Amino acid sequence: MWDYKFFSLQAVTGLEGGIIIPKTNTKLLGRQRYDEFHVSGYGLSAVLGLNFEFFEHFFVQTELKGGYINMNDIRTTADTSDSASQSFLFRQVNMVFGARFKLWD
């Protein structure tokens with residue numbers, strides 16, 4: 001977007017998606033504890049931000065991220081007929097400070 005001597009500014013955008021595989025650690029209604037990984041749902045998100053780079057190695061990046069999580073099959077006991085569900089929207093703001101150094105050519 002903008003370059004001046006040792007400074008530059010770039011836009012950061014992205015779409016993300018994936019499956020959610022939690023390890024639910026529950027003991028519910030006196031049943032035996034259940035603690036296994038299980039595909040419970042999916043998540044989708046979008047990110048928009050700015051990356052300010054200076055002196056070719058250092059940067060500050062700000063991001064605004066929002067998304068949706070749908071977990072429609074959360075296992076609660078070893079019995080496959082027992083489950084829970086939840087879905088929600090989220091938003092977050094990130095600020096990252098960092099450095100990039102080339103290690104190999």
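## Close-up views of a predicted model

**View 1. Arg31 and Asp82 meet through their side chains.** In this predicted model, a polar contact of 2.5 Å joins the side chain of Arg31 to the side chain of Asp82. Arg31 sits in the loop between β2 (7–20) and β3. Leaving aside residues up to four places away in sequence, Arg31 touches Thr77, Asp79 and Asp82. Arg31 is partly exposed, because its relative accessibility of 39% falls between the 20% and 50% limits. A second reference point is Ser85, 54 residues from Arg31 in sequence. The C-alpha atoms of Arg31 and Ser85 are 19 Å apart.

**View 2. Ala78 lies in the loop between β4 and β5 (83–99).** Is Ala78 buried or exposed? Ala78 is exposed, with a relative accessible area of 55%. That value counts as exposed because the class begins over 50%. Thr26 and Ala78 are 52 residues apart along the chain. Their C-alpha atoms are separated by 9.9 Å.

**View 3. Gln61 is a buried residue of strand β4.** The strand covers residues 58–75. Gln61 has a relative accessibility of 13%, so it falls under the 20% limit for buried residues. Its side chain makes a polar contact of 2.7 Å with the side chain of Glu63. Which residues does Gln61 touch, not counting those up to four places away in sequence? They are Val12, Leu50, Asn51, Asn94, Met95 and Val96.

**View 4. Five residues form a nonpolar surface patch.** The members are Met1, Trp2, Tyr4, Leu50 and Phe52. Together they have about 540 Å² of accessible area. Strands β1 (2–4) and β3 (41–54) each supply at least two residues of the patch. Met1 is placed in the segment before β1. Met1 is exposed, at 69% relative accessible area. Leu50 also appears in View 3, as one of the residues that Gln61 touches.

**View 5. Phe7 and Phe55 form a tilted aromatic pair.** How many aromatic pairs does a search of the whole structure find? The search finds 9. In the pair of Phe7 and Phe55, the ring centres are 5.6 Å apart and the planes make an angle of 55 degrees. Phe7 belongs to strand β2, and Phe55 to the loop between β3 and β4. The pair therefore ties together parts that are 48 residues apart in sequence. Phe7 is partly exposed, at 28% relative accessible area. Phe55 is partly exposed too, at 46%.

**View 6. Phe54 and Phe58 form a stacked aromatic pair.** The distance is 6.1 Å centre to centre. The angle between the planes is 25 degrees, so the pair falls under the 30-degree limit for stacking. Phe54 is partly exposed, with 22% relative accessibility. Phe58 is partly exposed, with a relative accessible area of 34%.

**View 7. Seven phenylalanines make up one aromatic cluster: Phe6, Phe7, Phe52, Phe54, Phe55, Phe58 and Phe101.** The cluster includes Phe7 and Phe55, the tilted pair of View 5. It also includes Phe54 and Phe58, the stacked pair of View 6. Phe52 is in the cluster and in the nonpolar patch of View 4.

Conventions
Residues numbered from 1 in each chain as written. Predicted model: local features only at pLDDT ≥ 70, side-chain atom pairs only at ≥ 80, totals over all residues. Heavy atoms only, no water. Helix = DSSP H or I, 4+ residues; strand = E, 2+ residues; numbered from the N terminus. Buried < 20%, exposed > 50% of the residue type's maximum accessible area, 1.4 Å probe, protein only. Polar contact = N/O pair within 3.5 Å; in protein donor to acceptor, adjacent residues only side chain to side chain. Contact = heavy atoms within 4.5 Å. Patch = residues over 30% accessible without salt bridge, like charges linked within 9 Å, V, L, I, M, F, W, Y side chains within 5 Å. Areas by Shrake-Rupley, 256 points an atom, 1.4 Å probe, with all protein chains shown as cover. Salt bridge = Lys/Arg side-chain N within 4 Å of Asp/Glu carboxyl O. Phe/Tyr/Trp six-rings, centres within 6.5 Å; stacked < 30°, edge-to-face > 60°.
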